[in-house]
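Please look through the sequence and the structure shown here before reading on. The report that follows takes up a helix, the cysteines, the aromatic rings and a loop residue in turn.

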Amino acid sequence: MKSGLSNIVVLTGAGISAESGIDTFRAADGLWEQHRIEDVATPEGFARDPDLVLRFYDMRRAALAHAEPNPAHHALARLDQEFSGELLIVTQNVDDLHERAGANRMLHMHGELKSALCLSCEMRSPWDAPMLDRPPCPVCAAPSLRPDIVWFGEMPYQMERIYAALREADLFVSIGTSGAVYPAAGFVREARDLRAQTLELNLERSEGSHWFDESRLGRAGDLVPQWVEAVLGG
């Protein structure tokens, strides 16, 4: 890594939260926590069996309370607090571990477990409680809440902001991602085309490893604190 960095974009995926005990989004058998992706992570699945989907996310939201940020989350929070340049942490994860570690300069491109989206008024509200019993929307009172999660077939959030940050970045770092889910998997090529340095920190080589200038393999809890220390120290 060259010195003099002034603008960093970080992308985090399921691998960074796996070390906190949160299951990765897609297992090798195509299931997510023993459910077919098509059943719990698509608009069609929700239309077909809303109780199944609401129960699934209620359980995930409850389990999140028992997970804790790991050293990788804390290192990125330190980068957020101490890096004097521009920084945007883009996470594909729907957990709140980055926030609980102390990160602020970040966004959730795939939504958040602790947020509800009302299908009647289209407003989003912070949410901790179950949805299975169809509670009223805090804004319009309609019993029309769904998890504020970007499912397959839906557009990720804040894409204009992400691409604007990539256009200005001199370093793009991908942490714990599979390189298989678009549009996030294409961010590295966007950054390369704009002459940014690119770095991958991952447990194993991803589908997009060949696009990165450098790949460092190992646990996020080891690699991310080392990288952050180098950035802040150098």
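A residue is called buried when its relative accessible area is under 20%, exposed when that area is over 50%, and partly exposed in between. These words are used throughout the report, and the reader should keep in mind that the model described here is predicted.

## Helix α9 and its two faces

Helix α9 is made of the 14 residues 220–233, and at 1.5 Å a residue it should span 20 Å; since its end C-alpha atoms are 19 Å apart, the expected and the computed span agree.

Which residues of α9 are buried? They are A220, G221, L223, V224, W227, V228 and V231. Because these residues cover an arc of only 170 degrees around the axis, they lie on the same side of α9. The face turned away from this buried side carries Q226 and G233, which are exposed.

The buried residues of α9 are covered by several other elements of the chain, including the strands β1 (7–12), β9 (171–175), β10 (197–202) and β11 (214–217), together with the helices α1 (14–18) and α5 (71–82).

## Cysteines without a disulfide

How many disulfides does the structure hold? The count is zero, and the distances between the cysteine sulfurs help to show why, given that a disulfide requires two such atoms within 2.5 Å. For C118, the closest cysteine sulfur is that of C140, and at 3.7 Å it is too far for a bond. For C121, the closest cysteine sulfur belongs to C118, and this distance of 3.7 Å is again too far for a bond.

The surroundings of these residues can also be described, for C118 counts as buried at 1% relative accessibility, whereas C121, at 26%, counts as partly exposed.

## Aromatic rings

The count of aromatic pairs in the model comes to five. In one of them, the rings of Y163 and F187 have their centres 5.7 Å apart and their planes at 85 degrees, so this pair is edge-to-face. The pair links distant parts of the chain, since Y163 belongs to helix α7 (residues 159–168) and F187 to helix α8 (residues 187–193), with their positions 24 residues apart in sequence. Y163 is partly exposed, with a relative accessible area of 26%, while F187 is buried at 1% relative accessibility.

The rings of F172 and F212 have their centres 6.3 Å apart and their planes at 15 degrees, so this pair is stacked. Here too the pair links distant parts of the chain, with F172 in strand β9 and F212, 40 residues apart from it, in the loop between β10 and β11. Both residues count as buried: F172 has a relative accessible area of 1%, and F212 has one of 11%.

Four aromatic residues, F46, F56, Y57 and W151, form one cluster. One member of this cluster, W151, has R146 lying over the face of its ring, at 3.7 Å from the ring centre.

## A loop residue

Is H66 buried or exposed? With 69% relative accessibility, H66 counts as exposed, and its place is in the loop between α4 (50–64) and α5. H66 and G102 are 36 residues apart in sequence, and their C-alpha atoms are 17 Å apart in space.

Note on methods. Residues are numbered from 1 along each chain as its sequence is written. This is a predicted model: local features need pLDDT of at least 70, side-chain atom pairs count only at pLDDT 80 or more; totals for chains, interfaces and linings use all residues. Side-chain values use heavy atoms; hydrogens and water are left out. Buried means under 20% relative accessible area, exposed over 50%, partly exposed in between (1.4 Å probe, protein chains only). Helices (H or I, at least four residues) and strands (E, at least two) are DSSP runs, numbered from the N terminus. The expected span of a helix is 1.5 Å times one less than its number of residues. The arc is that of the directions from the helix axis to the C-beta atoms. Contact means heavy atoms within 4.5 Å. Rings of Phe, Tyr and Trp (its six-membered ring) pair if their centres lie within 6.5 Å; planes under 30 degrees apart count as stacked, over 60 as edge-to-face and the rest as tilted. A charge sits over a ring if NZ of Lys or CZ of Arg is within 6 Å of the ring centre and within 35 degrees of the ring normal.
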